[in-house]
Amino acid sequence: MADIFDVIADGTRRDILRLLLDRDSDPRVSGTSVSQIVNELRVSQPTISKHLKVLREAGLVTVREEGQHRYYSLSPEPLDVVDDWLVPFLTAEPYDADLPVALPEPAAAAAELVGRAAASAKHAVTSVFGKRPAR
């Protein structure tokens, strides 16, 4: 199995995950077809199929087959590895709390962006799946 960080490093795969997350939040939707993903992301069908295979092998998506059609849904449990790795960086105290920690402006902006993205993703997954974070 591919390392989860390698899997989500690809922008197209992240776009697919985001699309599935958005569609799975609608209770009327029971999976998203490959053609819907192709149309929404405006990427070729062979490219989408290649990325869906990687996501499927990583356990990030499930597939339901109906005749010749395949419907994909998000399965976010493998992202717990990312969450477990990232959270200590977001909650870690500096070694010496009395010393001010100043990052260069570009690093501070990047850190804030990553923190907001992580919090947003965690909130979205929790709200969709009702999962409470592990303590």
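Let's start at the front end of the chain, where Asp 3 is found in the segment before H1. This is a predicted model, and the points below go from that opening segment to a nonpolar surface patch and then to the core.

**The start of the chain**
- Asp 3 has a relative accessible area of 42%, so this residue counts as partly exposed.
- In sequence, 78 residues separate Asp 3 from Val 81, while their C-alpha atoms are 9.9 Å apart in space.

**A nonpolar patch on the surface**
- Val 81 turns up again here: together with Phe 5, Trp 85 and Phe 89, Val 81 makes a nonpolar surface patch of about 430 Å².
- Helix H5, which covers residues 80–91, gives the most to this patch, with three residues.
- Trp 85 lies in helix H5, and its relative accessibility is 49%; because exposed means over 50%, Trp 85 counts as partly exposed.

**The nonpolar core**
- Turning to the inside, the largest nonpolar core has 21 residues, and Leu 52, Leu 55 and Leu 60 are those with the most contacts inside it.
- Two or more residues of this core come from each of helix H1 (4–8), helix H2 (11–24), helix H3 (34–41), helix H4 (45–57) and strand E3 (69–74).
- H2 provides the largest share of this core, with five residues.
- Leaving aside residues up to four places away in sequence, Leu 55 touches Val 7, Arg 13, Ile 16, Leu 17, Leu 60 and Val 61.

Technical notes: Residues are numbered from 1 along each chain as its sequence is written. This is a predicted model: local features need pLDDT of at least 70, side-chain atom pairs count only at pLDDT 80 or more; totals for chains, interfaces and linings use all residues. Side-chain values use heavy atoms; hydrogens and water are left out. Patches are made of residues with over 30% relative accessible area and no salt bridge: like charges are joined within 9 Å, nonpolar side chains (Val, Leu, Ile, Met, Phe, Trp, Tyr) within 5 Å. Accessible areas come from the Shrake-Rupley method with a 1.4 Å probe; for residues, only the protein chains shown count as cover. A salt bridge is a side-chain nitrogen of Lys or Arg within 4 Å of a carboxyl oxygen of Asp or Glu. Helices (H or I, at least four residues) and strands (E, at least two) are DSSP runs, numbered from the N terminus. Buried means under 20% relative accessible area, exposed over 50%, partly exposed in between (1.4 Å probe, protein chains only). A nonpolar core is a set of buried Ala, Val, Leu, Ile, Met, Phe, Trp, Tyr and Cys residues joined through side-chain atoms within 4.5 Å. Contact means heavy atoms within 4.5 Å.
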